[in-house]
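Got your viewer ready? Let's take a walk through this model, one selection at a time.

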Amino acid sequence: MDGNGRWAKRRGLPRTVGHQAGAEALKRIVQAAPDLGIRWLTVFGFSTENWSRPVAEVAELMALPQRYFRSDLPRLEREGVRVRVIGREGGLSRDLLAMCREAEARTAHNKSLFLTIAFNYGGQADIADAARRFAEEVAAGRAKPSDLDEAAFAGRLSTAGLPPPDLIVRPSGEQRLSNFVLWEAAYAEFVFQDVLWPDYAPEHLKAAIAEYHTRDRRYGAVIADDVLAAG
Ligand code: IPE
Ligand code: MG
């Protein structure tokens with residue numbers, strides 16, 4: 001979710017207002033996702049690098065998940081959305097963590113949409129944390145170095161259990177991953193859209209999905225027709 005600051009700046013408003021508008025965009029997209037055929041939706045809310053922003057802006061970003069759950073948790077619960085919050089817990093307030101765990105517990109039985117919110121998340125941090133966890137298991141005699149393969153490693157990331165992303169959409173015109181799901185993105189398709197996140201509407205996501213369907217996914221292999229054509 002990118003472009004909140006620029007959206008606000010264009011209107012002569014403080015960046016915090018942009019983040020509030022961004023939260024409204026998230027509500028719209030979560031509501032629209034199941035009708036667009038989406039079963040797993042993962043959003044990047046706050047990165048391990050975002051701490052370097054001004055204190056007041058960080059405080060506003062920290063307040064957003066609680067505000068979101070306070071206003072929307074009953075609806076998420078009712079509409080079959082299962083919430084999971086991933087990212088490092090260190091640095092987050094006790095209240096914020098408690099609210100996240102409550103949202104997860106109250107929606108644990110849901111299965112229509114799996115909504116993952118990456119908050120205080122960084123792809124590199126997540127890989128380092130998974131490596132450390134594995135090293136600790138080896139040190140404790142609970143695992144051997146030879147146990148580690150791609151699947152075993154993926155199972156130690158915070159995204160364990162989620163399918164790898166088919167499509168990664170970045171709004172706001174920036175064309176980079178910015179430390180999002182680095183490991184998981186190996187074969188994801190990317191769509192970059194020139195719309196600021198607070199303006200993001202279901203039609204933009206629909207367009208991104210349409211673009212996705214024009215892609216030819218080969219996962220490093222060749223497609224069967226080409227094998228036949230080559231004899
Ligand atoms: C939201 O947009 C992303 C978050 C970190 C919450 P930005 O705050 O990065 O907006 P821009 O990039 O300055 O426009
Ligand atoms: Mg940005």
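Start with the lining of the second largest pocket, which by class has six nonpolar, two polar and three charged residues. Keep in mind throughout that you're looking at a predicted model. To see the pocket wall, select Trp40, Arg82, Val83, Arg84, Glu104, Ala108, Phe114, Leu115, Thr116, Gly161 and Leu162. The space they line comes to about 160 Å³. Colour strands S2 and S3 next: these are the elements that give two or more residues to that lining.

**Stop 2: Gly161, on the pocket wall**

Now pick Gly161, one of the residues lining that pocket. It sits in the loop between helix H6 (150-154) and S4. Is Gly161 buried or exposed? Gly161 counts as exposed, because its relative accessibility is 77% and the cut-off for exposed is over 50%. Try a distance label too: from the C-alpha of Gly161 to the C-alpha of Phe180 you should get 17 Å, with the two residues 19 apart along the chain.

**Stop 3: the enclosed space**

Rolling a probe the size of a water molecule over the atoms shows where empty space is left. How many cavities of 30 Å³ or more does the structure hold? Just one, and the largest cavity contains about 40 Å³ of space. Strand S2 (81-86) and helix H4 (94-106) are the elements that give two or more residues to its lining. For the full lining, select Val85, Ile86, Gly87, Arg88, Glu89, Leu92, Leu97, Arg101 and Phe119. Sorted by class, that makes five nonpolar, one polar and three charged residues.

**Stop 4: Phe119 and the core**

Keep Phe119 from the cavity lining selected. What does Phe119 touch, if you skip residues up to four places away in sequence? Show Gly45, Phe46, Leu61, Met62, Pro65, Val85, Ile86, Gly87, Arg88, Leu92 and Leu96, and you have its contacts.

In soluble globular proteins, nonpolar side chains tend to be buried together. Here, the largest nonpolar core has 38 residues, and the members that touch the most others are Val30, Leu41, Tyr68, Phe69, Leu76, Ile117 and Phe119. Two or more residues of this core come from each of H2, S1, H3, S2, H4, S3 and H7. H3 gives the largest share, eight residues. There's also a second, separate core of nine residues, with Phe44, Ile86, Ile168 and Ala185 among them.

**Stop 5: along helix H2**

Switch to cartoon view and highlight helix H2 (residues 15-32). Why should its 18 residues span 26 Å? The rise is 1.5 Å a residue, and the expected span uses one less than the number of residues. The C-alpha atoms at the two ends are indeed 26 Å apart, so the model agrees.

Next, show the buried residues of H2: Gly18, His19, Ala21, Gly22, Ala23, Ala25, Leu26, Lys27, Ile29, Val30 and Ala32. What do they pack against? Colour helix H1 (4-10), strand S1 (40-47), helix H3 (55-78), strand S3 (113-121) and helix H7 (202-213) to find out.

Just beyond, in the loop between H2 and S1, click on Gly37. Gly37 counts as exposed, because its relative accessibility is 63%. Draw a line from the C-alpha of Gly37 to that of Tyr219: they are 182 residues apart along the chain and separated by 22 Å.

**Stop 6: Tyr212 on helix H7**

Move to helix H7 and select Tyr212. At 16% relative accessibility, Tyr212 counts as buried. Leaving aside neighbours within four places in sequence, Tyr212 is in contact with Asp166, Leu167, Glu189 and Arg217. Its C-alpha is 9.8 Å from that of Val169, though the two are 43 residues apart in sequence.

**Stop 7: two serines in one loop**

Most residues other than glycine have a negative phi, and most peptide bonds are trans. Head for the loop between strand S4 (167-170) and strand S5 (189-192), where you'll find Ser172. Ser172 has a positive phi of about 85°, and it counts as buried at 6% relative accessibility.

Ser178 is in the loop between S4 and S5 as well. What is its phi near? The value is near 50°, again positive in a residue other than glycine. Ser178 is partly exposed, with a relative accessible area of 32%.

Terms used
Residues are numbered from 1 along each chain as its sequence is written. Chains are lettered from A and ligands numbered from 1 in the order in which they are written. This is a predicted model: local features need pLDDT of at least 70, side-chain atom pairs count only at pLDDT 80 or more; totals for chains, interfaces and linings use all residues. Side-chain values use heavy atoms; hydrogens and water are left out. Helices (H or I, at least four residues) and strands (E, at least two) are DSSP runs, numbered from the N terminus. Buried means under 20% relative accessible area, exposed over 50%, partly exposed in between (1.4 Å probe, protein chains only). Contact means heavy atoms within 4.5 Å. On a 1 Å grid over the protein atoms alone, a cavity is a set of points where a 1.4 Å probe fits but cannot get out, and a pocket is an open set with protein on both sides within 12 Å along at least five of seven lines; lining residues have an atom within 4 Å of a point. Grid points are joined across faces, edges and corners, and a volume is the space filled by probe spheres set on the points. Ala, Val, Leu, Ile, Met, Phe, Trp, Tyr, Cys and Pro count as nonpolar, Asp, Glu, Lys and Arg as charged, and the others, Gly among them, as polar. A nonpolar core is a set of buried Ala, Val, Leu, Ile, Met, Phe, Trp, Tyr and Cys residues joined through side-chain atoms within 4.5 Å.
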